[in-house]
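Colleague: Before we discuss particular residues, could you display the chains so that we can follow them together?

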Amino acid sequence: MTTTRTRRTTGLGALLLGATTLLTACGGAASQENAEGLTEVSVGTIPAVLSAPLFLGIEEGIFEEHGLDLEVNFADGGAAVIPSVLSGENQFGYSNTVSQLAALGEGLPLEIVHSSWAPHAEFEDDDHGILVRPDSGIDEPSGLAGKNIAVNTLQNIGEVHIRKAFEDLGIDHEGLQWTQLPFPDMAEALERGDVDAIWVSEPFRTPAMNQGYELLMSAGAQAFPEQVGGYYSTSEQYAAQNPDVVKAFKEAMVEVNDFAEHNPDLVRQVAVEEMGIDEDVAERMTLPLFPNDDDVEALQSYAEYAVRFGILSKAPEDFEALFATQD
Amino acid sequence: MTTLTTSVSTARGRAVIGAAGALTALGAWFMLSRGSENVYFPALPAILDETWEYWRTAEGLRNLGASLTTLSLGLCLGIVFGVAIGLVIGQLTFVEQAISPALEFARAIPATALIPFAMMLFGVGDNTKIFLIALGSLWPVLLNTADGARRIDPTLRDSARAFRIAGFQRQAFIVVPAVLPRILVGIRIAIPLGLILMVTSEMVGAQEGLGFVITQAQATFQLVTMWSGIVVLGVLGFSITFAYSLLERVLLRWSDPRREDA
Amino acid sequence: MTAVQSLPVARRRTSRPRVARVARPVVAVAVLIGAQEALTRTDVLPAGYFPPASEIVRTFVGELGDDSLGPALMSTVRTWLLALLVSVGLGTAVGVLLGLVRPLEAFLRPVIEFMRPVPSVALIPLVVLTIGTGSGAALFLACFAAFWQVLVPVITGVRSAPAIALDTARSYSLSTWQRIRWIQLPSMLPHLATATRLAASTTLILIVTAEIIIQMPGIGHEITMSRSAGDPARMYAYIALSGAAGIVLNVLVRRIEKRLNASHGLEGSR
């Protein structure tokens, strides 16, 4: 009859074990210091070329100079990064402007720390592009009206860029259809004819162009040239408890972005080494701008258009207050 | 205390206590979340509002319709194939012996592990969903049918042979009614599985449906909409399971009036 | 009991030797694999989607030596074990309580009946937001789903003590506690055993699902990654692994179930 007792003890033990696991899974907001006195922080981001400066900053010791031991964690899409920042899994996270605005508009306790990237003004130089098959019969942007475009996340920055770009060019964007696909799957879908055009970002743009797909336009360059397209943010909780770390991260990022702007070859090199991008692709892919821009105007512009296009239901009220540090 | 214990022993007593329990639970949720500032757990009134609002719009109905359509199609396919193959396996011993290990292996594969496989074949869309739901719901039906077919009362079998009833007639009029209770058990297990596959495939490989709405709402941080989707899904799951249990009871009584309810 | 239901099923035993009985499945499997190989190599089944079986096997063997299979398998199994322990533990504890205190059970029954059919996958977005994307999320989802599957049979089991045993307990004036310990809990065990088996397979499905959707490390994650990377052979290899894992874990749980039943003199039940 010991079996029943043993069973109950096992059950109780499992209960405690389970509870402990669950509790530890809920992230805490205290900062961790490692053996060298550097603060350990992890940054969540997406495996796109805009993240390369982070690795550059680690390699060049810029983060170390500011007292930070940085670790980069890749997530599937910007929408997955923000929850990880809020739950404490990552201390900082990258998300594009529209995702940030969506979260902030819904009242999530997020704070913007620093700018990440911006589209070029010339569209050949930009790291995003809309591609079509050469035999599609679509030669100009106006041919895309009413077509099915693949974006990596629905109701997100791709749509905002494309809709505004079309509006600027006088093309109707109401009839557009959208299909959500991860970047690596886009070329195949285009080939199969599942979609008419793909909105794709480096490092997937260059290989797709190498496959013969035609670059029709760059929506970002058209719609929001040189306006910040993504930010690093942190949770309100973390910022309140660790203002120095947040400040250190921001100051480090100013240096990192500057450095990346002036050393594009090093950016390409680190993309190959740390991000597993093919050397050939890294050589030929286009890099976005890495600005140090705290201007709220870009944010306001994005918010305005996103709400207008029905992508955001509400915009934040006080834009200045969204930033973690005001200098 | 004694009144409580005695009241539980009558069906009506239990129903009353149960109703009280349900109301208390709902009331508690309502009161606790009413002034909720927490973004992740919005106030129940807000959720209910949104549920009433969104799911009656054209878009909401379209998503709901898409989910129900694919679920029904997938389940039908799974049931039809499950019964057909199950009958074969159950009645032909040599087929069963031959296929059994392969079947055991295929069955052990968690249905959701096949999502990438289905997406590879059918891309993003309804066919992926239907395929997955059919594949997942096939197994419980197949196994239960086979089991039932294997255990058909020899008296029935012998009578059929004596009256020279064979082939299709035998299957339709003797085998299937005899196996029906087991088939119904299989379907009962298949339904929640189908629901899970429906939601999961909508979260990954679809542009429409309940799972899609829930995931999209989460991606755009519209948590109230997300919760309304969860509520609708809960209600759907409950209704379908409940409706089926009624159907099952009716069918069982019709197939064998002498039978006591299992 | 009518005559139709009373006869035991008599199985027609073939007099074929054992060798033949083993040979059939082996031959069948060989034929199936051979057919697949032929169909894919001749492109009847497009090789892009269906690599030949030999290639799948080769990829699988390659993965064994590679660094990803071991950790992925361990990750999945580890989370599965934890989820099983927690859900069975919680389910038994709550089930026993509810089984013994009838009014409480009647009170909570509608809540249970409503929460039970909720597909726990519907909670994935909520869980991702609150718990995150680590194994805690998968653990919660798996436990939530399996908990109900353990709860209901345990409640039934506690109640299923045979009336004779209860009468005997009363006539020997056993205390409530003794009655619970020696009669009602043991009668719950066979039900618990079946429930554990169900919970084992449910938790595995949910963990693999979480790995696919939330992109947690594990077998499911490897399957999705292989598809995105355009490597169908690897994808099938990992799908096969998930099937093998399912079988092995199922066999293990059955062994434990048998041992439990045997220790209570309930050999060969269910």
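**Accessibility, helices and backbone**

Colleague: Does B:Phe81 count as buried or exposed, or as partly exposed?
Modeller: The computed relative accessibility of B:Phe81 is 45%. Buried means under 20% relative accessible area and exposed over 50%, with partly exposed in between (1.4 Å probe, protein chains only). Because 45% falls between those limits, B:Phe81, which is found in helix H4 (residues 58-91) of chain B, counts as partly exposed.

Colleague: What kind of model is this?
Modeller: Residues are numbered from 1 along each chain as written, chains are lettered from A and ligands numbered from 1 in written order, and side-chain values use heavy atoms without hydrogens or water. Local features need pLDDT of at least 70, side-chain atom pairs count only at pLDDT 80 or more, and totals for chains, interfaces and linings use all residues, since this is a model that is predicted.

Colleague: How many helices are there in chain C?
Modeller: Helices (H or I, at least four residues) and strands (E, at least two) are DSSP runs, numbered from the N terminus. Read along the sequence, chain C follows the pattern α-α-α-α-α-α-α-α-α-α-α. Chain C holds zero strands, and its number of helices is 11.

Colleague: What share of chain C is buried?
Modeller: One residue outside the buried group is C:Arg255, which is exposed, with a relative accessible area of 57%, and which lies in helix H11 (residues 232-263) of chain C. For the 270 residues of chain C taken together, the buried portion is 48%.

Colleague: How far apart are the end C-alpha atoms of residues 235-253 of chain C?
Modeller: UniProt, in an unreviewed entry, lists residues 80-101, 122-148, 195-214 and 235-253 of chain C as "transmembrane region"; its positions are given in the numbering used here, feature names are shortened, and annotations may be inferred rather than shown by experiment. Residues 80-101 of chain C are 95% helix and 0% strand, with end C-alpha atoms 31 Å apart. Residues 235-253 of chain C are 100% helix and 0% strand, and there the end C-alpha atoms are separated by 27 Å.

Colleague: How much of residues 73-257 of chain C is helix?
Modeller: The unreviewed UniProt entry gives residues 73-257 of chain C as "domain: ABC transmembrane type-1". In the model, the end C-alpha atoms of this span are 24 Å apart, its strand content is 0%, and its helix content is 85%.

Colleague: How far apart do the end C-alpha atoms of residues 219-247 of chain B lie?
Modeller: Among the "transmembrane region" entries that UniProt lists for chain B (unreviewed entry) are residues 130-152 and 219-247. Residues 130-152 are 91% helix and 0% strand, with ends 32 Å apart between C-alpha atoms. Residues 219-247 are 90% helix and 0% strand, and the separation of their end C-alpha atoms is 38 Å.

Colleague: What value does phi of B:Phe221 lie near?
Modeller: B:Phe221 sits in the loop between helix H10 (210-219) and helix H11 (223-255) of chain B, and at 1% relative accessibility it counts as buried. Most residues other than glycine have a negative phi, and most peptide bonds are trans. In B:Phe221, phi is positive, near 60 degrees.

Colleague: Is the peptide bond from A:Glu202 to A:Pro203 cis or trans?
Modeller: A:Pro203 is placed in the loop between strand S9 (197-201) and helix H8 (205-210) of chain A. The omega of the bond from A:Glu202 to A:Pro203 is near 5 degrees, and that peptide bond is cis.
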